[in-house]
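This briefing goes through the strands, helices, domains and chain contact of the structure shown below. Please keep the structure open while reading.

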Amino acid sequence: MQTSLIRKIIFDEKSRSLLIQTLVIGLFAIFIYLIAQQTAYNLEKRGISSGFDFLNISAGYDISIRLIPFTSEDTHLRAYFVGLLNTLMIAVCGCILATILGFIVGIIRLSSNWLFRNIAYVYVEFTRNVPVLLQIILYYSILLSLPKIKQAFPIFNTFYLSNRGLFSPSPIFKEGFSIVFYSFVIAIIFTFFLKRFLKSKQEQTGNQYPIFFINSAIIIFTPILFYYIMGMPLEFDHPVLKGFNFKGGMVIRPEFLGMLFGLSIYTAAFISETVRSGIISVSKGQREASQALGLKSSFVMRLIIIPQALRVIIPPLTSQYLNLTKNSSLGIAIGYADLVHGFGGISLNQTGRAIEIMLIVMLTYLSISLIISLSMNIYNKSVQFKGNA
Amino acid sequence: MTKIKSLFISLLLTLGVSAAIAGSHGSTHDLVKERGKLMCGSNTGLAGFGAPNDAGVWEGIDVDVCRAVAAAVFGDASKVEYVPTTSKVRFTVLQSGEIDMLSRNTTWTLSRDVDLGLEFVGVNYYDGQGFMVSKDLGVSSASELDGASVCIQVGTTTEMNLADFFKANGMSYESVPVETNSEADAAYLAGRCDIYTTDASGLYASRAGYPDPSAHVVLPEIISKEPLGPAVRHGDSEWADIVRWSLNAMIIGEELGINSGNVDEMKGSNNPEVLRLLGVDAGYGAMLGLSDDWAYNILSQVGNYSESFEKHIGPNTPINIQRGLNALYKDGGILYAPPFR
């Protein structure tokens, strides 16, 4: 009985591989445990305290680039959220800009115009082959050489450009503005149903409707109409140069712009190559067939080529989004207050909890990346061929 | 099967050995002697305090503390390897044992001394946080700085002092965090910020390197206490003693008027403290586990505190700092070493 069990384990392929896999996992777990054990022991031996209590201690420093209120009396935990939001802000803005730029450049790369095609080619080859850190520092240095604050360059006397950022008026919402906002939301929902209705009508009758123009008009003019009905419940707080700086209004800091330009221009070069390969992957016959049907060239691109190209584009595009998000941790080089800079840098230094903080920061990046992957995978499924193609 | 077994055993052995290496900690003094040189954590480059000169040789008053320790341990002040550290990694580098001591304009605070497992052994420069502004702003006091943009080096006590100062005075500011000294200089000179704040010594050192140093003024307000001093790992008091008394020897040297020029003559002095310091009266070196001429080596090779100060940051250098608080207690400062007996 016993020998047969051993025999089974050794000679049966399935149970043998199961045994080996269990062993490997077990060893790995022991390995991790020993490292953790040893680290804890070493920390204790050197008199370094550890734990996560520091999260509730007040941070003691200020962060100027922030989306939520933060003062030096707030906790390290709140500093973490300030940094997280800044990371997400640069990641989202960067991905959007990089996608737009990447699609445009990718299509230009395939254009028949020699000059445009080659300008795009030079751009792609240059940006792809220079480290992104250097590019970020380059754009930041250029932004720092903008006029000084006292000589800020006025644009329409409303916006002011200086090396401390772009100052713009900030909106002040007065009573009744919420109705304007809701009318905007309702308009969007309405156009969604209108689009479905007009599409089905088109399928029935064959008549085409300018859906895009109708919907744009509805979305734009409904809130404007309500804005006037409600008696213009919106004012602007204009920035005024007072003392050292502009007072009032909003500002986009050069650190943010430097990161945005650096990351999106760099990533757009990769995305453009992805887009190009996607478009090339659609067989020539598709284009020729649609042209033979007499479709406009913009229709050929939008209705025939791009939907098929997306199947090829989405998976590598996902990894570009992930790269951009992870590269946003380079903000530390130019003082952009992202997660690594504020929480992972300043808090780390004030509290000395290197292991704990790095663990939190790494887990955060992991979560962000996994969420991006997941949502892109869902989107990817929706653009793949349905059924047996 | 045997293959897997042997793999398992070897893995366990490797783990055990690496754990043993990580866990073992001999005395730092023995380690340093065995290695034949001192590993000293220094600044990445702060003129006058710790920076390589044109010939690539490290110089400065912080560097002189490292040299003094090397002179005490080896009788040769040049047996030092400098490990440049940023403000962010300096403590980790020391804790991990990569360096034997940290001498890098580091402020002695309670939490660093206690919570980070460090041991500050003394103060080699009494500093305080100051503000530097461009002269053409016409600012004469730090209380006029409401709304200003402030360049600040991250990961320092400076940030907390700054936040406290502006809060206490009901003023607002925009903080522009930068990673290193040179980045702060660049941002300040480009006009990204109105004010550069750090320890006053650092401001003087930075200003000395500007195209037109006279166009910038360090405001009179000093908003914090920043006692800068060398630190070692907690739990090795023997090594802490050696570093502490190497620094003290330089200060006592100045008190007793012993410098690198007259140290040999002073051996014939009839002041008993001089004779004890220079090892003519034997026995004090042995208490520290050093040779009796350890302090003689420091004073002859590195010099006393005053020599180090005047050579690197004094009024005759581009850094141009007055002794101020850093004068001896009998000259109106607060520099004071316990008696050598």
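Strand β8 (residues 129–134) of chain B pairs with strand β11 (residues 195–199) of chain B in the antiparallel sense over five bridges, where strands count as paired if DSSP finds at least two bridges between them. The elements are DSSP runs numbered from the N terminus, with helices being H or I of at least four residues and strands being E of at least two. This is a predicted model, in which local features need pLDDT of at least 70 and side-chain atom pairs count only at pLDDT 80 or more, while totals for chains, interfaces and linings use all residues. Residues are numbered from 1 along each chain as its sequence is written, and chains are lettered from A and ligands numbered from 1 in the order in which they are written.

**The sheet of chain B and its helices**

- Within the pairing of β8(B) with β11(B), B:Phe131 has B:Thr197 of β11(B) as its bridge partner.
- Both strands belong to an open sheet of five strands with mixed pairing, in the order β10-β9-β11-β8-β12 (chain B), and its edge strands, each of which pairs on one side only, are β10 (173–178) and β12 (216–218) of chain B.
- Neighbouring strands of this sheet are turned by 30 degrees against each other on average, direction ignored; axes here are lines fitted to C-alpha atoms, for helices over the stretch in contact, and angles run from 0 to 180 degrees between N-to-C directions.
- Helix α6 (residues 157–168) of chain B lies across β8, β9 (148–153), β10 and β11 of chain B and runs at about 155 degrees to β9(B).
- Helix α8 (residues 200–208) of chain B also packs on the sheet, where it touches β8, β11 and β12 of chain B, and its direction makes about 125 degrees with that of β11(B).

**The sheet of chain A**

- Four strands of chain A form an open antiparallel sheet in the order β1-β2-β3-β8, with β1 (153–155) and β8 (250–252) of chain A as the edge strands.
- The twist from one strand to the next averages 25 degrees.
- β1(A) and strand β2 (residues 159–162) of chain A pair over three bridges, and A:Phe159 in β2(A) is the bridge partner of A:Ile155.

**Helix pairs of chain A**

- Helix α9 (residues 284–292) and helix α10 (residues 297–327) of chain A have axes that come within 10 Å and cross at roughly 160 degrees.
- That angle makes α9(A) roughly antiparallel to α10(A), a term used for angles over 145 degrees.
- The residues in their contact divide into three nonpolar, four polar and one charged, where Ala, Val, Leu, Ile, Met, Phe, Trp, Tyr, Cys and Pro count as nonpolar, Asp, Glu, Lys and Arg as charged, and the others, Gly among them, as polar.
- The axes of α10(A) and helix α12 (residues 354–383) of chain A come within 10 Å and cross at roughly 175 degrees, which makes α10(A) roughly antiparallel to α12(A).
- By class, the contact of α10(A) with α12(A) has twelve nonpolar, five polar and two charged residues.

**Contact between the chains**

- The contact takes 38 residues from chain B and 35 residues from chain A, with residues in contact if their C-beta atoms, placed from the backbone, lie within 7 Å.
- On the side of chain B that touches chain A, α1(B) gives the most, with seven residues.
- The residues of that side of chain B divide into 16 nonpolar, twelve polar and ten charged.

How values were computed:
Two residues are in contact if their C-beta atoms, placed from the backbone, lie within 7 Å. Angles under 35 degrees count as roughly parallel, over 145 as roughly antiparallel, 65 to 115 as roughly perpendicular and the rest as oblique.
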